[in-house]
Amino acid sequence: MKSAEEIFDILKKKFGDAVLSLDKDTPVEQIISIDPLKINLISKYLRENPELQFDSLMCLSGVDDANGIKVKDAEGNEIIEGGTLSVYYNLHSVSLKHKITLKVSTPRNDPQIESLEKIWKSANWHEREAFDLIGIKFLNHPDLRRILMPYDWDEFTEEISRHPLRKDYKNPEFYQGMKVPY
Amino acid sequence: MGLLDKEFSDGNIVIAKVDDLFNWARLSSVWQLGFGLACCAIEMMATSMSHYDFDRFGVIPRNTPRQADAIIISGTVTLKMALRIKRLYEQMPDPKYIISMGSCANCGGPYWEHGYHVLKGIDRVIPVDVYVPGCPPRPEALLEGLLKLQEKIRNESLRKKSA
Amino acid sequence: MALKTEHMVLNMGPQHPSTHGVLRLELEIEGELVNKVTPHLGYLHRCFEKHAEAMQYNQVVPYTDRLDYLASIGNNFGYALAVEKLMGIQVPERVEYIRVIMAELQRIASHLVAIGSNGADIGALTPFLYLFRDREHILSIIEETCGARMLYNYIWIGGLSHDIHPDFVRKTKEFVNYFKPTIVELDNLLSFNKIFIERTANIGILPVDTAINFGASGPTLRGSGIKFDLRRDDPYSIYDRFDFEIPVGKGLMGTVGDCWDRYNVRIREMEQSLRIIEQAVDNIPEGDVQSAIPKRIKPPKGTVYKRVENPRGELGYFIISDGTVNPFRVKVRAPSFVNLEVLGELCKGNLVADIIAILGSIDIVLGEVDR
């Protein structure tokens with residue numbers, strides 16, 4: 001059983017700059033921020049270190065932070081430029097019974113994060129979902145396709161309607177001849 | 001033979017209108033496509049099971065569209081699924097009937113506003129005979145829907161239209 | 001001499017009576033043997049997470065009903081607990097007791113469908129009829145209290161939508177007494193049926209480390225022999241006050257972690273749920289069930305991940321609040337979504353006919369897989 005501070009200290013000692021910060025002020029969850037391109041190394045360490053033994057990934061959530069600047073594009077739609085997309089990892093150790101939340105942030109215009117599929121198999125579909133709904137690219141993922149939306153969604157929609165959980169998403173008018181809005 | 005026992009004389013013949021005979025046969029054996037979509041499918045299953053017993057109206061689930069007379073669209077139709085439902089509908093032989101069960105299939109239900117992947121009403125893809133409201137409709141409501149469909153079938157006619 | 005077979009790709013679903021809804025499986029088969037199974041999801045993607053962002057916190061509750069529509073109370077429960085944790089609400093004792101009883105009744109109702117459809121898929125239709133008969137008892141008890149048969153919108157943030165019906169305690173006790181012998185009947189009818197055992201024992205064996213690595217939870221994980229139940233290991237609400245056991249797969253009919261074990265865990269879990277109900281139903285304290293419901297639900301800035309033990313496994317809500325009345329992001333960690341991923345691993349090298357037995361034993365609900 002280790003607290004978030006102890007885990008943060010262990011990681012900071014081992015990985016230095018790749019571990020960015022520990023967010024202690026917000027209620028309920030304490031979040032460790034990590035470099036998006038080192039997340040696979042840190043996760044492997046978290047799983048294999050006998051003191052930590054994080055053997056299961058409970059949840060992986062892609063989030064659109066919507067912290068960029070709102071601008072109007074050529075057609076008058078409000079879009080967000082700049083800012084970040086984030087992924088939150090909720091880890092849990094079945095044997096040691098402690099929990100931790102990790103966060104990585106990546107720029108919105110080129111979102112890239114290392115995949116954790118090799119470390120926890122359960123990351124596979126969660127990452128596909130984040131790719132599908134938010135549009136985050138996971139590097140070294142074996143099978144990065146859409147999972148919930150139709151595979152041919154891109155063919156029928158504009159750039160702004162690609163990833164529905166982005167905050168500036170706009171419904172397409174038609175998909176395969178079917179009207180989408182009410 | 002129950003009610004009809006010893007009711008006929010020697011002739012062994014019944015005279016009826018073609019319409020009546022065909023409609024009677026069709027409405028008392030509406031075989032549905034055994035096919036559930038979402039929450040309403042559970043209520044549809046409950047309707048077929050012990051308490052409500054859909055079988056007594058001649059509704060038997062068939063697993064292939066080629067043997068089915070009716071589809072009960074039981075639940076939310078998504079854009080991805082709508083194309084498959086259309087395909088199933090096209091595979092069914094005539095005459096075929098559609099019961100749209102539940103708000104989602106009728107008009108998108110609770111997903112009408114923000115449902116980017118929900119088809120707002122199955123009638124945008126295939127024609128519907130009976131709409132059953134509710135989220136999900138109680139089994140009694142589905143039975144009522146079926147009775148309405150039977151009424152509709154009863155009033156159909158095979159006669160050639162002369163205009 | 002080896003038989004000459006042909007490589008073939010077979011499509012199963014989305015309209016298939018044994019896929020529990022609208023799942024599509026792409027099978028690569030060599031004769032009767034399955035080499036690879038690729039599930040294709042999304043035929044019931046109802047955009048829950050988008051709706052949650054557009055609604056206020058209390059308006060999300062009815063949408064959570066429609067995730068795992070066989071266990072609506074469990075979904076409400078998890079969501080309410082998550083928001084309560086974020087806002088620091090303490091709910092009255094009476095609410096806690098009623099929530100637990102309702103959740104356990106719902107667990108039994110949900111397992112009845114799971115067991116029934118598992119049997120029906122592999123040819124035993126009769127138990128299905130019996131189990132739906134028993135399920136109607138539970139539905140009518142809950143309906144009397146909250147007015148709906150399936151999607152209840154019952155557990156609200158900070159309380160309940162209605163107080164229990166005056167007859168609730170009596171009827172629940174009647175049900176418990178009625179249902180105990182029914183489990184024995186079910187055991188005789190299905191669990192120890194020779195044909196059923198032949199179809200499920202030694203089929204679809206899930207080793208422990210694979211199960212954990214894939215993040216499996218609920219009966220799927222416990223079938224592999226791990227005693228892990230969030231009601232005991234990460235207690236929420238008042239589950240720590242009750243005395244109950246956690247059934248695990250022991251390989252009675254074959255190997256630990258086979259389909260029969262997962263099936264059996266569900267039956268034994270129903271017995272334990274009855275035990276919890278019996279302990280709780282006599283001790284419901286008096287009080288007002290709506291006294292702790294906040295007038296205005298506006299949690300502080302922050303994040304929360306709360307998980308509960310739903311009939312299908314670990315249901316988690318990850319909620320980010322930006323301090324307004326709408327959630328900024330709600331992510332549902334749906335147990336079926338994660339458990340279904342194991343299917344590809346389990347089906348390798350099995351016969352085509354066994355796939356439906358395996359799928360039935362994982363027990364997925366597509367409303368939750370696709371959300």
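Helices, taken as DSSP runs of H or I at least four residues long, are numbered from the N terminus. This numbering is used below to describe a predicted model, beginning with the fold of chain B and ending with its cysteines.

The secondary structure of chain B consists of five helices and five strands. Read from the N terminus, these elements follow the order α-β-α-β-β-α-β-α-β-α. The C-alpha trace of chain B extends over about 65 × 45 × 25 Å along its principal axes. Chain B has 163 residues, of which 48% are buried. Among the contacts in chain B with a separation of 6 or more, 78% join residues that are 24 or more positions apart.

Empty space in the model was examined next. Rolling a probe the size of a water molecule over the atoms reveals where such space remains. The largest pocket encloses about 940 Å³. Its lining comprises 38 residues, and those nearest the centre are B:G34, B:M45, B:M49, C:P17 and C:F128. Three helices each contribute at least two residues to the lining of this pocket: helix 2 (39–48) of chain B, and helix 4 (93–121) and helix 5 (125–146) of chain C. When the lining residues are sorted by class, 23 are nonpolar, eleven are polar and four are charged.

Chain C also forms an interface with chain A. The size of an interface is often expressed as the accessible area lost when the parts come together. For chain C and chain A, about 3500 Å² is buried between the two, with 60% of this area on carbon and sulfur atoms. On the side of chain C, the residues that lose the most area to chain A are C:N213, C:F328 and C:E341, which together account for 16% of what that side buries. The contact involves 39 residues from chain C and 43 residues from chain A.

The cysteines were considered last. A disulfide is a covalent bond between the sulfur atoms of two cysteines. Over all chains, the structure contains zero disulfides. The cysteine sulfur closest to that of B:C104 belongs to B:C135 and lies 5.3 Å away, which is too far for a bond, because a disulfide requires the two sulfur atoms to be within 2.5 Å. C:C146 is likewise in no disulfide, and its nearest cysteine sulfur, that of B:C135, is 14 Å away. As for exposure to the surroundings, B:C104 has a relative accessible area of 8% and is therefore buried, and C:C146, at 10%, is buried as well; the cut-off for this class is under 20%.

How values were computed: Residues are numbered from 1 along each chain as its sequence is written. Chains are lettered from A and ligands numbered from 1 in the order in which they are written. This is a predicted model: local features need pLDDT of at least 70, side-chain atom pairs count only at pLDDT 80 or more; totals for chains, interfaces and linings use all residues. Side-chain values use heavy atoms; hydrogens and water are left out. Buried means under 20% relative accessible area, exposed over 50%, partly exposed in between (1.4 Å probe, protein chains only). On a 1 Å grid over the protein atoms alone, a cavity is a set of points where a 1.4 Å probe fits but cannot get out, and a pocket is an open set with protein on both sides within 12 Å along at least five of seven lines; lining residues have an atom within 4 Å of a point. Grid points are joined across faces, edges and corners, and a volume is the space filled by probe spheres set on the points. Ala, Val, Leu, Ile, Met, Phe, Trp, Tyr, Cys and Pro count as nonpolar, Asp, Glu, Lys and Arg as charged, and the others, Gly among them, as polar. Contact means heavy atoms within 4.5 Å. Buried area is the accessible area (1.4 Å probe) that two parts lose on being put together, summed over both.
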